[in-house]
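Work through the exercises below with the structure open beside you. Try each task before reading its solution.

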Amino acid sequence: MAGSQIPANQLAAGGAHAPLTQRELLVELNDIKRIRSAGRDGSIAERLFLQAWSALAGGADPAALALDITAKALAASRLGDLDAAFLSVAGLSPDQASAVLVRSFDEVAGPLDPVLATRLRACLAVPRDWTPGPVPHFARLQADQPRAGVTCPGKPRILLEPPENHAEHCLTVAVYGVALSPFYGADPTTVFVAGLAHHLHNALMPDAGFTGEILLGDHLDSVIATLSERALSELDAPLREVVASSRKILPDDRTAEGRAFHAADVIDRVLQIAQHLRAASLTMDTVLGEMALVHDGPVKGFHDRVLADMRLP
C-alpha cells in the first residue's frame, strides 16, 4: 500500500476540500460510538474495531474487510444493534436479515458515491463470514484507553464525560475514510487500515492530547515510534507490512489517501465534541415536536392528557 497522487480536480483553485453532501450522514454515523446494548460489551464502534482486527489477524483480505465493516457501520447508524446476529437470534432467516440490513443501509446511503454505495450494499446483501484470528493485545488496550478530551497547550484540559475510547475513534475514522475516499480519489483500503492503526502508540500511552505532545517536546517522536513499533510487533507477516505501509500516509496531506484520512480524522474529532454540545442544547420542543417522543398509537390521546394534567414539560 502507498499513497497516490492527488487528482487534478482536488488541486483546482477554489475547489471544495470536503463533500458537504455527506455532512448529515457522518453526523448520524458518529453515534455508533455511543450505542450500547445489554449482553454486549462496548459500543458498536468498539466491537467493529475488535472484529476488524480479529479478521485481519485471521487472514482477511483488507480490501474486502474495509467494505464489509463500513457497510455494517452504515447499516448500524440507523438500525443500532439490530444487526445480523440479533436478527438471527430473533428468528429471521439469513435472507430476511440481509433484507433488513440493506433497507437500513439504503435509508442513509444517498450521499455516498454511487459506485462505492453499490459495493457496500453488496456486502450486506450477500454477507460473508470472516475467520477470526486472535485479537491483538494492543487493540484490546485501545478499547480501554480513553481519549483526552479538549486540550490546548498552556491551558487546563476540558474533560467531557463519558469519553470515547481509542478503539471507537479509530474505527470511526477508518469508516469515514472509506466513505470519503471517492471524493479525494483515494484507495479506500489504505485509508481504512491507516484509520484503524493511526493510534497504535496509545495502546500503552495514556492520552494527554496535544498538551501532552507539546510537553514531551523532543521526546515525542521517539516515544510514539517506540510504542507503535511495539504494537506492530504483535502482528505476523504479511499483515504487519500491510499495516506499516498504510501508516506511511499519516504524516501529511500530500497524497489522496493522506487527505481522505486527515479529513476523516478531523471530522470525527470535531463531531465527538459537537455531540456533547448538541445534547446540552436539546430542547423539549425538539423532543416532543420534531422527534415525536410521544408518538402516534392507541394510547396517544391518553398520554397527551396525562402530560397536560401533570403540566409536563
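A salt bridge is a side-chain nitrogen of Lys or Arg within 4 Å of a carboxyl oxygen of Asp or Glu. Keep in mind that this is a predicted model.

**Exercise 1. Salt bridges**

Task: Find which residue forms a salt bridge with Asp-252, and classify both partners by exposure.

Solution:
- Step 1. The partner of Asp-252 is Arg-254, with the closest N and O atoms 3.0 Å apart.
- Step 2. The cut-off is 4 Å, so the pair at 3.0 Å counts as a salt bridge.
- Step 3. Buried means under 20% relative accessible area, exposed means over 50%, and partly exposed is in between.
- Step 4. Asp-252 has 22% relative accessibility, so it is partly exposed. Arg-254 has 65%, so it is exposed.

Task: Decide where Lys-72 and Asp-68 lie, and whether each is buried or partly exposed.

Solution:
- Step 1. Both lie in helix 4, four residues apart, which is about one turn of the helix.
- Step 2. Their salt bridge has its closest N and O atoms 3.0 Å apart.
- Step 3. Lys-72 has a relative accessible area of 29%, so it is partly exposed. Asp-68 has 3%, so it is buried.

Task: Locate Arg-47 and Asp-81 along the chain.

Solution:
- Step 1. Their side chains meet in a salt bridge, 2.8 Å from N to O.
- Step 2. Arg-47 is in helix 3, and Asp-81 is in the loop between helix 4 and helix 5. They are 34 residues apart, so the pair links distant parts of the chain.
- Step 3. Arg-47 and Asp-81 are both buried.

**Exercise 2. Two packed helices**

Task: Work out how helix 6 and helix 7 are oriented to each other.

Solution:
- Step 1. The helices pack at an angle of about 155°, with their axes 8 Å apart.
- Step 2. Angles over 145 degrees count as roughly antiparallel. Helix 6 and helix 7 are therefore roughly antiparallel.
- Step 3. Their contact includes Leu-101 and Phe-105 of helix 6, and Leu-120 and Leu-124 of helix 7.
- Step 4. The contact residues divide into seven nonpolar, one polar and two charged.

**Exercise 3. Unusual backbone**

Task: Identify which peptide bonds to Pro-238 and Pro-313 are cis, and where these prolines lie.

Solution:
- Step 1. Most peptide bonds are trans.
- Step 2. Ala-237 and Pro-238 are joined by a cis bond, with omega about 5°. Pro-238 lies in the loop between helix 12 and helix 13.
- Step 3. The bond from Leu-312 to Pro-313 is also cis, with omega near 0°. Pro-313 is in the segment after helix 16.

Note on methods. Residues are numbered from 1 along each chain as its sequence is written. This is a predicted model: local features need pLDDT of at least 70, side-chain atom pairs count only at pLDDT 80 or more; totals for chains, interfaces and linings use all residues. Side-chain values use heavy atoms; hydrogens and water are left out. Axes are lines fitted to C-alpha atoms, for helices over the stretch in contact, and angles run from 0 to 180 degrees between N-to-C directions. Angles under 35 degrees count as roughly parallel, over 145 as roughly antiparallel, 65 to 115 as roughly perpendicular and the rest as oblique. Contact means heavy atoms within 4.5 Å. Ala, Val, Leu, Ile, Met, Phe, Trp, Tyr, Cys and Pro count as nonpolar, Asp, Glu, Lys and Arg as charged, and the others, Gly among them, as polar. Buried means under 20% relative accessible area, exposed over 50%, partly exposed in between (1.4 Å probe, protein chains only).
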